[in-house]
Structures are given as structure tokens and as C-alpha cells.
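This report concerns a ligand and the pocket around it. Please look at the structure before reading on.

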Amino acid sequence: MIHDFTYLKPGTVKEAVAMLADHVDECKVICGGQSLLIVMRQGLVAVDYLIDLKGLNELNYIKYDEKAGLKLGATTTHRAIEKSAVIKKNYPVLTAMEERLASIQVRNWGTIGGNLAHADAAGDPAPVLISLDAKIKLGSSKGERVMSLEEFYTDLFETAMEHDEIVLEVQVPPAAPKTGSAYKKFNLIENDQGVVAVAVTVTADKAGVCTDAKIVLGNAGVVPIRAKSAEKVLIGKKLTDKLFAEAGEAAAGDADPVSDIHASSEFRLHLIKVLTKRMVKQAWDQANKG
Ligand SMILES: Cc1cc2nc3c(=O)[nH]c(=O)nc-3n(C[C@H](O)[C@H](O)[C@H](O)COP(=O)(O)OP(=O)(O)OC[C@H]3O[C@@H](n4cnc5c(N)ncnc54)[C@H](O)[C@@H]3O)c2cc1C
């Protein structure tokens with residue numbers, strides 16, 4: 001049973017953040033409703049005001065520029081990202097991730113801003129975007145700020161967003177030359193959320209040495225986890241099968257997975273080792289083709 005609420009529909013971002021400021025402790029924003037309505041039905045969230053961002057077309061965009069990189073407005077749907085030719089060309093890992101996120105129905109309605117703000121540890125976009133060094137732009141009636149997506153996540157379903165702020169945009173820098181990215185989730189039901197997931201971005205130099213590596217684990221803790229020990233295994237070296245396997249072992253050491261109805265923590269650690277090894281190899285092969 002959903003608690004009664006007053007529905008507010010702003011026409012602009014300015015109106016939306018003003019409404020939020022007016023009702024800050026008694027309201028929530030809604031966009032696609034694919035996560036929020038579930039928790040409202042369960043009675044876990046009960047608010048007096050719901051501010052609907054879905055119609056804010058000024059936040060519905062995909063922009064790409066070779067120097068500035070990619071900008072995704074918060075109300076852009078998963079389906080629009082999946083189908084974007086410019087994303088497929090420049091960030092194919094994002095296309096592949098979206099193709100396996102939920103069903104077409106959910107992707108048609110759910111938005112990138114809602115997904116990131118919901119801060120579900122099993123969400124797919126966050127690990128991939130963090131491995132691509134993404135930033136998130138937040139706005140309130142007091143102004144705007146930009147922070148790294150990695151720092152945005154503070155705890156399970158918790159973010160660094162203040163109660164009067166909304167997500168405005170996701171920013172992804174252009175990839176350096178000879179960079180490759182890969183993402184894989186292990187799921188029990190096709191296109192469902194992952195039991196665990198691993199996102200990798202690596203860069204090679206002309207001599208075939210790994211100059212940068214970002215490995216991000218999904219659903220391996222309460223927030224997306226940078227596997228920094230695994231990254232250290234790779235940076236400064238010419239990568240080999242032995243190093244791919246060592247990175248997998250190190251990534252498991254960086255993880256902190258729970259046991260739940262889907263999998264034990266031991267099984268999750270095993271998956272992290274295997275997926276990290278495979279995704280580093282996949283990303284490395286791609287980097288060396290570029
Ligand atoms: C059947 C099903 C399967 C799913 N499978 C997957 C999956 O495999 N992988 C995956 O990653 N996700 C999955 N999801 C989750 C889905 O991707 C998200 O629910 C969706 O992207 C959230 O976007 P939304 O616009 O619907 O957010 P909403 O449900 O409207 O909002 C979610 C939360 O974000 C807040 N919010 C929304 N927009 C903003 C904003 N602009 N600024 C600040 N806060 C905001 C809301 O207040 C709320 O707390 C699944 C969902 C369903 C129903």
C-alpha cells in the first residue's frame with residue numbers, strides 16, 4: 001500500500017530544485033519509477049511529496065565531443081544509451097553493459113540518473129562508469145557541483161548527494177589512445193542484476209606496457225569497489241596470462257562480498273577472481289588493437 005502523496009510536476013530544472021528546497025525533508029524525486037515505486041509499494045519509503053523529473057527534457061540528452069568526451073543528461077533512458085551510435089563507436093563497453101541491463105521495458109523507462117542515485121550495490125552502470133573515470137554533476141537551488149562518481153557512493157543505497165540536490169549529468173572523459181574496456185556480470189537470471197560484476201579499463205603505451213588500469217567490482221561490497229591492489233599488479237608491466245591471473249587473485253583480496261540468498265561470499269570471491277582475469281585480458285587485447 002502506497003502512502004498518500006502530493007504529486008508535483010516541474011517544467012524546468014529550476015522549478016524542480018525550488019520545489020525540492022521547499023519540501024526538502026518530506027519529499028523524494030521520481031524519474032522512471034523503476035526502483036522507487038518498488039520500495040514505495042513495500043512501504044520502505046513514504047513521502048508527502050513526489051517531484052517527477054521524467055518530463056524534464058532539458059536533462060534528456062547524449063552529447064559527445066572529442067575533447068570534452070561524453071555527457072549524459074540525468075533523464076536519459078537506458079534504452080537511449082544502448083541505442084546511441086556515438087556511444088557504440090566511442091564507448092562500446094557502455095552499449096554492451098546496457099544491452100544486458102534488465103528487460104527492454106525497464107530500459108525504456110528507467111534512467112541513468114535514477115539508476116546512479118538509487119545506489120544499489122548491484123547496479124550495472126556505476127562500475128563501468130567509474131572504470132571510465134566518470135564524474136557526476138549535482139544541482140540544487142544553491143548551485144551546481146561536480147564530483148567523481150567513485151566518491152559519490154558512501155554506503156549501501158547512500159550517496160554524497162545532499163537532500164536538496166538532484167543528479168543533473170554524468171560526464172565521461174574521452175578515452176586515451178590504446179585504451180580498452182570490458183565489463184561482465186555473473187547473473188543467475190538472464191539480464192537480471194549481477195551476483196557480482198567486474199569492469200576494467202586499461203591503457204597501453206606504444207611499447208606494450210600497461211600505463212593505467214582501473215578495475216571496479218560491482219556487488220562485491222556495499223559500494224562499487226576499486227580493486228587497487230589488482231591495478232598495481234598491472235601498471236608498469238607488459239601484461240601476460242600470469243599477470244591476468246595475479247590481478248584476479250588481488251581483486252578478490254580487495255572485495256568484501258556478503259553471503260545472501262543468491263550466493264555465498266566464497267562463491268562471489270571465486271567469481272571475482274575469474275571475471276577479473278578474463279576482463280583484464282579482454283580489455284588488454286582491445287587496447288592493443290587500438
Ligand atoms: C525488473 C527490474 C530489473 C532490473 N534489473 C537491473 C539490472 O540488471 N541492472 C541494473 O543496474 N538495474 C536494474 N534495475 C534497476 C533499474 O535500472 C533502475 O531501477 C532504473 O534505472 C532507475 O531509474 P529510474 O529513472 O526508474 O529511477 P526511479 O525509480 O525514479 O528513482 C530511483 C531513485 O533515484 C532517485 N532519483 C531518480 N532520479 C534522480 C535524479 N535525477 N536525481 C536525484 N535522485 C534521483 C529517486 O528519488 C529514487 O531514490 C532493474 C529494475 C527492475 C524493475
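What follows describes the ligand, its shell and the pocket.

The model is predicted. There are 32 residues around the ligand. Those that come nearest are Val 29, Ser 35, His 78, Thr 111 and Asp 124.

Polar contacts come next. Each row of the table pairs an oxygen atom of the ligand with a protein partner.

| Residue | Partner of the ligand oxygen | Distance |
|---|---|---|
| Gln 34 | polar backbone atom | 2.8 Å |
| Leu 36 | polar backbone atom | 2.7 Å |
| Lys 185 | N or O atom in the side chain | 3.2 Å |

Gln 34 and Leu 36 thus use backbone atoms, whereas Lys 185 uses its side chain. How much of the ligand does the protein bury? Taken alone, the ligand exposes 970 Å², and the protein buries 88% of that.

The ligand takes up the space of the largest pocket. Four elements give two or more residues to the ligand shell: β2 (27–30), α2 (36–41), α7 (112–118) and β10 (166–172). Of the elements, α7 gives the most, with 4 residues. By class, the shell holds 15 nonpolar, 13 polar and 4 charged residues.

Now the pocket itself. Its volume is about 1500 Å³. The lining has 48 residues. Closest to the pocket centre are Lys 28, Ser 35, Gly 114, Ala 117 and His 118. Ser 35 is also listed among the residues that come nearest to the ligand.

Which elements supply at least two residues each to the lining? They are β2, α2, α7, β9 (158–159) and β10. Here too α7 gives the most, with 5 residues. By class, the lining has 22 nonpolar, 18 polar and 8 charged residues.

In short, α7 gives the most to the shell around the ligand and the most to the lining of the largest pocket.

How values were computed: Residues numbered from 1 in each chain as written. Predicted model: local features only at pLDDT ≥ 70, side-chain atom pairs only at ≥ 80, totals over all residues. Heavy atoms only, no water. Near = heavy atom within 4 Å. Polar contact = N/O pair within 3.5 Å; in protein donor to acceptor, adjacent residues only side chain to side chain. Areas by Shrake-Rupley, 256 points an atom, 1.4 Å probe, with all protein chains shown as cover. 1 Å grid on protein atoms, 1.4 Å probe; cavity = no way out; pocket = protein on both sides within 12 Å on 5 of 7 lines; lining within 4 Å. Sits in = over half its atoms within 2 Å of the grid points. Nonpolar A, V, L, I, M, F, W, Y, C, P; charged D, E, K, R; others polar. Points joined across faces, edges and corners; volume = space filled by probe spheres on them.
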